Amino acid sequence: MEHYRGNFHNKAMWTPILTSLASIAVSAHGLSDKRHGAHPVRDAVYAAAGLVGIIGTGFHIYNVTKKVGGFNWQNLFYSAPLGAPAAMSLSGLMGFLAERVRENRPGIRPRVFNLPAGRVVAAATSLSMLGTSVEAGLLHFRGAFHNPAMLLPVTMPPVAAGLLAKAAVGRAEARRIPSKAWLMATAVMGVAGVALHAYGVSRGMGGWRNWRQNAFAGPPLPAPPAFTGLALAGLAALALLKDHARD
């Protein structure tokens with residue numbers, strides 16, 4: 001939607017759409033594939049997603065800097081969002097880690113780059129959660145936090161990130177019930193955020209009847225589920241740690 005609003009004036013703006021569709025397709029394939037082991041096509045697509053996200057971040061930074069005033073609040077608020085392509089890199093990273101976990105033979109402790117898989121996924125998810133919170137904080141600051149619910153994406157995910165960071169370095173056999181509950185709540189917050197953003201769109205002049213304008217100018221509908229995806233990755237990391245208590 002954002003690139004459609006930009007009228008695809010740069011042909012490279014089609015790249016994240018094609019890469020995203022490919023990522024969804026290979027993820028669906030991975031979900032249905034009962035064999036253990038990484039798949040070269042899935043690996044290639046996830047690597048491409050990560051690379052496209054990095055390059056896209058460079059493009060978006062350039063978009064901000066070429067505006068009058070360069071890096072200032074106005075341009076950060078209303079130019080190409082810096083966090084959007086980074087989210088694509090994160091999706092590629094999560095897919096890549098999932099493939100590394102699948103490489104382990106059944107019955108052995110899963111490792112990623114010779115490190116306990118649960119700890120690696122927990123650490124990566126913790127950092128990803130913090131980065132996504134910064135983007136949410138920037139855009140909600142633009143909205144002046146006029147709704148108290150806008151504080152949730154800048155408070156709950158950092159706490160979740162802290163809990164995951166603690167899990168990454170703490171005792172593997174810990175039960176971590178509060179951490180799981182917090183991650184579940186963060187996942188629910190991501191889903192609820194879509195409803196709140198849809199309400200935000202409806203408040204524009206003409207509401208959803210004027211969706212061609214309000215869906216572009218209102219809060220982005222696909223943004224909140226990023227927290228749901230990361231929270232689910234965090235829960236998977238905790239499950240890996242629980243199943244392999246000697247890690």
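Okay, one term before we start: accessible areas here come from the Shrake-Rupley method with a 1.4 Å probe. With that in hand, the accessible surface of this protein chain comes to about 13900 Å², and carbon and sulfur atoms own 69% of that. Keep in mind that what you're looking at is a predicted model.

So, the overall layout. We've got 10 helices and two strands in the chain. Walk along from the N terminus and the order goes α-α-α-α-α-β-β-α-α-α-α-α, with the two strands sitting between five helices and another five.

On to dimensions. The C-alpha trace spans about 55 × 40 × 35 Å along its principal axes. Is that what a globule would give you, and what radius of gyration does the chain have? The chain has 19 Å, and a compact globule with 247 residues would be near 18 Å, so the two agree.

Inside, 40% of the 247 residues count as buried. As for who talks to whom, take the contacts between residues at least 6 apart in sequence: 67% of them join residues at least 24 apart.

Charges next. The chain carries 24 positive and 9 negative ones, and the mean positions of those two sets are 7 Å apart.

Now let me zoom in on two of the acidic residues, starting with Glu 99. You'll find Glu 99 in helix α5, which covers residues 83–102. Buried or exposed, this Glu 99? Buried: its relative accessible area is 2%, and the cut-off for buried is under 20%, so Glu 99 qualifies. What does its side chain pair up with? There's a polar contact with the side chain of Arg 42, at 2.8 Å. Setting aside residues up to four places away in sequence, Glu 99 also touches Gly 37, Ala 38, His 39, Asp 43 and Tyr 46, along with that Arg 42.

The other one is Asp 33. This residue is in the loop between α2, residues 15–32, and α3, residues 40–65. Its relative accessibility is 13%, and with that cut-off of under 20%, Asp 33 counts as buried too. The side chain of Asp 33 makes a polar contact of 2.9 Å with the side chain of Arg 35. Beyond its neighbours within four places in sequence, Asp 33 is in contact with Arg 42 and Arg 102.

If you want one residue to click on, try Arg 42: it turns up in the contacts of Glu 99 and in those of Asp 33. That's my bit, thanks.

Key:
Residues are numbered from 1 along each chain as its sequence is written. This is a predicted model: local features need pLDDT of at least 70, side-chain atom pairs count only at pLDDT 80 or more; totals for chains, interfaces and linings use all residues. Side-chain values use heavy atoms; hydrogens and water are left out. Helices (H or I, at least four residues) and strands (E, at least two) are DSSP runs, numbered from the N terminus. The radius of gyration is taken over C-alpha atoms; the globule rule is 2.2 Å times the number of residues to the power 0.38. Buried means under 20% relative accessible area, exposed over 50%, partly exposed in between (1.4 Å probe, protein chains only). Contact means heavy atoms within 4.5 Å. Lys and Arg count as positive and Asp and Glu as negative; His and the chain ends are not counted. The place of a charge is taken as NZ of Lys, CZ of Arg, CG of Asp or CD of Glu. A polar contact is a pair of N or O atoms within 3.5 Å; within protein, one must be able to donate a hydrogen and the other to accept it, and residues adjacent in sequence count only if both atoms are side-chain atoms.
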